[in-house]
Amino acid sequence: MFKVISLSPTKTPFGPLLFSGDLLYGLKKASELGYDGVEISLRDAKEINYPWLKEILLKLNLKVYGIATGQTYYNDGFSLYNSQKDKREKAIRRMKDHIDLANKLGSIVIIGGIRGKFEIDLPIEQQLISGKEAIREIAEYAFRNQITLVLETINRYETNIFNTLLQIKDFIEELKFPNLKILADTFHMNLEEVSYRQAILEAKDQIGYIHFADSNRLAPGWGHIDFKEIINVLIEINFKGPIGIEVLPLPDDLKAAKQGIVFLKKSIEEGE
Ligand code: LER
Ligand code: MN
């Protein structure tokens, strides 16, 4: 399992990111604290100067494990299930640019918030079809580029499209792309799943990425989620992917980042 921290080069209204607005500082702290690598949340792939990033990653001995893409929706309103074709197409374009960047970095690309939401006043059938076709187009593009995409389960207060691991598992099985996997986020699972253990076991063959945040979205260990149960089942299914600390910068960025790595190291060691 790889120990990862979620960063953003820009300040964003999307809250659970550390050192947002100062990527260089975040990268330095990630390396100093002993993370294996980072997840970078981007609105647009253009926000990254690749030669600059490549050099710093090399110097700091870090890897980019994931590119998070929700800011495209939260900042710009472009989404994959949007009822307006031009907004869907803009979201697809951004995703393809993220995949091109991921190709250079060797990272996974996340489909979370960028799905958007179903509009309840419009007929659902057309929205289901156009969202599915958007994801199919992106999955095909990623497949040709040998990039893994992970669909993230997000709680019902943020989206009405895929709240549980089982819903995504069914969707992935229908689309049949080997490079489509699941991102399981413990904060969202706390609100949506009946049991962590059961949900993870049911989706075990599709889980490719994990986000750790506690029940209150603070760093793990600072809320009431039973992470022991989660780590044990991840070890049981032989999960070998990234675990990203995706938490609010509380009480401050550094304290949250420290708690994240201390907690990850301790729980992975204890579980092994
Ligand atoms: C992003 O990883 C996440 O967990 C969601 O809250 C984004 O909408
Ligand atoms: Mn998440």
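Which residues does isoleucine 67 touch, not counting residues up to four places away in sequence? The first legend gives the answer, and the legends after it turn to other parts of this predicted model.

**Figure 1. Surroundings of isoleucine 67 in strand β3.**
Isoleucine 67 touches Ile40, Leu42, His98, Leu101, Ala102, Leu105, Ser107, Ile108, Val109 and Ile110, leaving aside residues up to four places away in sequence. Its relative accessibility is 0%, so isoleucine 67 counts as buried, the limit being under 20%. Several of these partners, among them His98, Leu101, Ala102 and Leu105, are also listed as buried residues of helix α4. Isoleucine 67 and asparagine 82 are 15 residues apart in sequence, and their C-alpha atoms lie 21 Å apart in space.

**Figure 2. The whole chain.**
The chain contains 10 helices and eight strands. A compact globule of 272 residues would have a radius of gyration near 19 Å, and the 17 Å of this chain agrees with that. Along the principal axes, the C-alpha atoms fill a box of roughly 50 × 45 × 35 Å. Of the 272 residues, 57% are buried. Among contacts with a separation of 6 or more, 77% join residues 24 or more positions apart. The accessible surface comes to about 11,900 Å², and carbon and sulfur atoms account for 52% of that area. The chain carries 35 positive and 38 negative charges, whose mean positions are 4 Å apart.

**Figure 3. Helix α4, residues 85-105.**
At 1.5 Å a residue, the 21 residues of helix α4 should span 30 Å, and the end C-alpha atoms are indeed 30 Å apart. Its buried residues are Arg88, Ala91, Ile92, Arg94, Met95, Lys96, His98, Ile99, Leu101, Ala102 and Leu105. An α-helix has 3.6 residues a turn, so residues three or four places apart point the same way. The buried residues of α4 pack against three helices and three strands: α2 (50-60), α3 (71-76) and α5 (124-144), together with β3 (63-68), β4 (108-111) and β5 (149-152). Just after α4 comes glycine 106, which takes a positive phi of about 70°.

**Figure 4. Helix α10 and the loop before it.**
In the loop between β8 (242-245) and α10 (253-271) lies proline 251. The peptide bond leading from leucine 250 to proline 251 is cis, with omega near 0°. Helix α10 itself has 19 residues and reaches 27 Å from its first C-alpha to its last, close to the 27 Å expected at 1.5 Å a residue. Ala256, Ala257, Gln259, Gly260, Ile261, Phe263, Leu264, Ser267 and Ile268 are buried in this helix. The elements against which the buried residues of α10 pack are β1, α1, β7 (207-212), α9 (227-236) and β8.

**Figure 5. Positive phi values at phenylalanine 19 and glutamine 146.**
Phenylalanine 19 is not a glycine, yet it has a positive phi of about 55°. This residue is placed in the loop between β1 (2-7) and α1 (23-33). Glutamine 146 also takes a positive phi, near 55°, and is likewise a residue other than glycine. The loop that holds glutamine 146 runs between α5 and β5. Are these two residues buried or exposed? Phenylalanine 19 is buried, because its relative accessible area of 7% is under 20%. Glutamine 146 counts as exposed, because its relative accessibility of 76% is over 50%.

**Figure 6. Aspartate 185 in strand β6 (residues 180-185).**
With a relative accessibility of 0%, aspartate 185 counts as buried. Leaving out residues up to four places away in sequence, aspartate 185 touches Glu152, Thr153, His211, Arg217 and Glu246. One of these partners, His211, falls within strand β7 (207-212).

**Figure 7. Phenylalanine 177 in the loop between α6 (165-175) and β6.**
The relative accessibility of phenylalanine 177 is 13%, and this residue therefore counts as buried, the limit being under 20%. Its contacts, not counting residues up to four places away in sequence, are with Arg136, Ala139, Glu140, Phe143 and Ile172. Phenylalanine 177 and aspartate 36 are separated by 141 residues in sequence and by 28 Å in space, C-alpha to C-alpha.

Technical notes. Residues are numbered from 1 along each chain as its sequence is written. Chains are lettered from A and ligands numbered from 1 in the order in which they are written. This is a predicted model: local features need pLDDT of at least 70, side-chain atom pairs count only at pLDDT 80 or more; totals for chains, interfaces and linings use all residues. Side-chain values use heavy atoms; hydrogens and water are left out. Helices (H or I, at least four residues) and strands (E, at least two) are DSSP runs, numbered from the N terminus. The radius of gyration is taken over C-alpha atoms; the globule rule is 2.2 Å times the number of residues to the power 0.38. Buried means under 20% relative accessible area, exposed over 50%, partly exposed in between (1.4 Å probe, protein chains only). Contact means heavy atoms within 4.5 Å. Accessible areas come from the Shrake-Rupley method with a 1.4 Å probe; for residues, only the protein chains shown count as cover. Lys and Arg count as positive and Asp and Glu as negative; His and the chain ends are not counted. The place of a charge is taken as NZ of Lys, CZ of Arg, CG of Asp or CD of Glu. The expected span of a helix is 1.5 Å times one less than its number of residues.
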